[in-house]
Each structure stands twice: as structure tokens, then as C-alpha cells.
Amino acid sequence: MPDRSTSRTRDRQALLDSIAAETVALARLTQDERDARARLSALRSELDAVDKQRESARSTHSTTSLPARHSPADKVSLFRRLFRGREDVFPTRFISKRTGKAGYAPACGNKFRPGVCELPRIKCGECPSQAFAPVDDGAVLAHLQGRHVMGVYPLLPDDTCWFLAVDFDKGAWADDVRAFIDTSRRVGLPIAVERSRSGNGAHVWFFFSAPIAASAARNMGCALITETMSRRHQLGMDSYDRLFPSQDTLPRGGFGNLIALPLQREPRRQANSVFVDDCLVPYPDDEQWAFLASLPRIDPDPWPRSRSTPVVGVP
């Protein structure tokens with residue numbers, strides 16, 4: 001016959017064990033709740049800081065602007081001062097009738113003319129029938145109004161450039177760009193961030209107050225990429241694609257790599273090819289030009305000598 005007292009003792013012990021286990025579980029839940037509340041509080045504080053930074057950036061950019069009723073001529077003049085490359089030739093976008101793919105070729109009076117243009121057998125830079133269109137106000141206005149898509153060859157014939165652009169494409173581009181923005185701010189470099197034409201990437205633009213050796217500009221860009229990677233080990237910067245100019249010296253018979261120019265009308269309708277704040281939020285349409293007008297230019301003098309922090313100034 002079973003001992004009922006022993007059975008009752010085992011039942012009581014099992015209950016005590018269960019109570020102890022649930023007490024431990026409750027203590028863990030209580031601690032988890034405390035931890036979650038702490039994380040939530042930290043995230044809210046971080047969000048407040050980001051919002052304040054955005055408001056500060058918008059306030060700063062709005063202090064310097066074009067006239068209240070700026071004209072197309074004002075915009076074209078500012079655009080040409082910033083996005084300066086070769087003046088004697090510029091590329092335009094086309095869609096191949098044969099393949100349906102997009103490409104760029106120099107704007108030329110003889111482009112694709114039967115019996116005259118021999119692309120792709122003969123490169124444009126070596127063609128004896130060159131009739132290149134120079135950069136002028138009309139070409140820029142046509143780009144902004146959506147009548148063609150214009151690019152720029154940033155590398156000048158003397159191997160200098162007026163700007164440096166860093167291309168981030170696909171992948172975790174948004175995180176990489178934010179980290180790169182932070183690095184640039186830390187060393188005092190003014191930048192303009194443009195969401196790319198596709199919307200799946202960005203160009204970070206640096207504008208110089210005078211032409212700088214392309215090699216020096218590219219060294220600056222490489223130094224910023226390296227510094228960003230050293231500070232943010234969790235980021236592989238896999239979205240980083242290339243620098244523009246893409247060469248230190250002008251290639252024989254060519255113009256160097258081109259970069260498409262921003263603010264073309266068609267992608268702008270989808271909030272692409274426009275400038276964004278440090279949180280990658282596009283500036284309103286009426287603030288795009290005010291933002292560009294407010295940008296200081298970078299003094300190129302420190303960069304050919306060293307990678308020390310550049311001096312920033314407005315020409």
C-alpha cells in the first residue's frame with residue numbers, strides 16, 4: 001500500500017519547485033521590461049536629437065538663398081558655377097534603338113549621322129568629324145526643363161577638376177552614405193548629397209573654390225572613405241562604387257568618365273536626382289536652389305600638400 005504522506009510530500013515539493021521557477025521567470029520578465037524601457041527611452045532621445053539636427057540644418061540652409069523670385073537665369077548661373085567640368089564638350093543620354101539600353105555620348109552635330117559618325121568603331125575623342133556642342137546656358141536650361149539629360153566630364157585637359165563626387169550605388173547605400181556624411185562633417189567639409197536618378201543610390205558632391213589636381217581630389221575622397229570604414233567597422237561600404245573624376249590624368253583620345261548632372265526634370269518628379277538633408281530626406285522644391293546657393297566651397301590648398309583638415313571658405 002503506497003505511503004500517502006510521501007506522495008503528499010512529493011506533490012508539495014513539486015509545487016515549491018514550480019513556484020521557484022515561475023518566480024525566476026517573473027524576475028527575468030521584470031528585468032527584460034526594465035531593459036526594454038531603457039532602450040525605448042534611449043531611442044526616443046536619439047530621435048529627438050535627429051529631429052533637432054534636421055531642423056538646425058534646414059534653418060542654416062535657409063539663411064542664405066537666392067532672391068525670393070529667382071529666375072531661370074539665376075538657376076542656370078548657379079548650376080554652371082557648381083557643376084563645372086569641360087566647357088568644350090558635354091555628354092547627353094540616349095537610348096539605343098538596337099538594344100534598348102541607355103548610354104551617353106558627346107553632344108555633337110554629327111552624332112549618329114550615317115556615313116559620318118563611326119561610333120563605336122572610332123572613339124569620339126579621335127573622330128576627324130567632331131562637331132561638339134560647347135556647354136552654354138541653353139544646354140543647361142534644356143537639361144533642367146527635361147528636354148535632354150546632360151552629363152559632365154569633370155576631368156579638365158590640365159588634369160584638374162572643380163568638384164569631386166562620390167558614388168554610392170545599391171546595397172546598403174543609405175547606411176553607408178549617412179556614415180560618410182558624418183565623417184565629412186567631422187573634418188569640416190561642406191557637402192551636397194543627391195539621391196541618384198534611379199533612387200537606389202546617392203552622389204556626394206564636394207565643390208572647390210578653384211581647380212584642384214584630380215589626383216589630390218581623389219586622394220581626399222579615398223581618405224574620407226578609409227576614415228569612414230575605420231570608424232564604422234560594422235559597415236563594409238559595399239555600396240561605394242567610384243569617384244568622379246575617375247582618373248588622375250586624362251586618358252589618351254578620351255575625356256575621362258562622365259557623371260550625370262542632377263535636377264533633371266523627369267526624375268525630379270519622382271523625388272530623384274534631387275538634394276537631400278543629412279537624414280536623406282529631400283529638400284522641398286522651393287529649397288533645392290537655396291540649399292545649393294548656401295554651400296561654401298572648399299579651399300583646395302591643403303590637399304596637394306597633405307591630408308590635413310581642409311580650410312573651408314566661400315569664393
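This briefing describes the surroundings of Asp-167 and the largest pocket in a predicted model. Residues are numbered from 1 along each chain as its sequence is written, and side-chain values use heavy atoms, with hydrogens and water left out. Because the model is predicted, local features need pLDDT of at least 70 and side-chain atom pairs count only at pLDDT 80 or more, whereas totals for chains, interfaces and linings use all residues.

**The chain as a whole**
- Of the 315 residues in the protein chain, 37% are buried, meaning under 20% relative accessible area with a 1.4 Å probe and protein chains only.

**Asp-167 and its neighbours**
- Asp-167 lies in strand E4, residues 160–169, where a strand is a DSSP run (E) of at least two residues, numbered from the N terminus.
- Although Asp-167 is buried, it has no salt bridge, that is, no side-chain nitrogen of Lys or Arg within 4 Å of a carboxyl oxygen of Asp or Glu; the nearest side chain of opposite charge, Arg-242, is 5.0 Å away.
- The side chains of Asp-167 and His-203 are joined by a polar contact of 3.3 Å (a pair of N or O atoms within 3.5 Å, one able to donate a hydrogen and the other to accept it).

**The largest pocket**
- The largest pocket has a volume of about 590 Å³; a pocket is an open set of points on a 1 Å grid where a 1.4 Å probe fits, with protein on both sides within 12 Å along at least five of seven lines.
- Its lining comprises 23 residues, each with an atom within 4 Å of a point, and among those closest to the centre are Asp-167 and His-203.
- The elements giving two or more residues to this lining are E4, strand E7 (240–244) and strand E8 (259–260).

Terms used: Helices (H or I, at least four residues) and strands (E, at least two) are DSSP runs, numbered from the N terminus. Buried means under 20% relative accessible area, exposed over 50%, partly exposed in between (1.4 Å probe, protein chains only). Lys and Arg count as positive and Asp and Glu as negative; His and the chain ends are not counted. Grid points are joined across faces, edges and corners, and a volume is the space filled by probe spheres set on the points.
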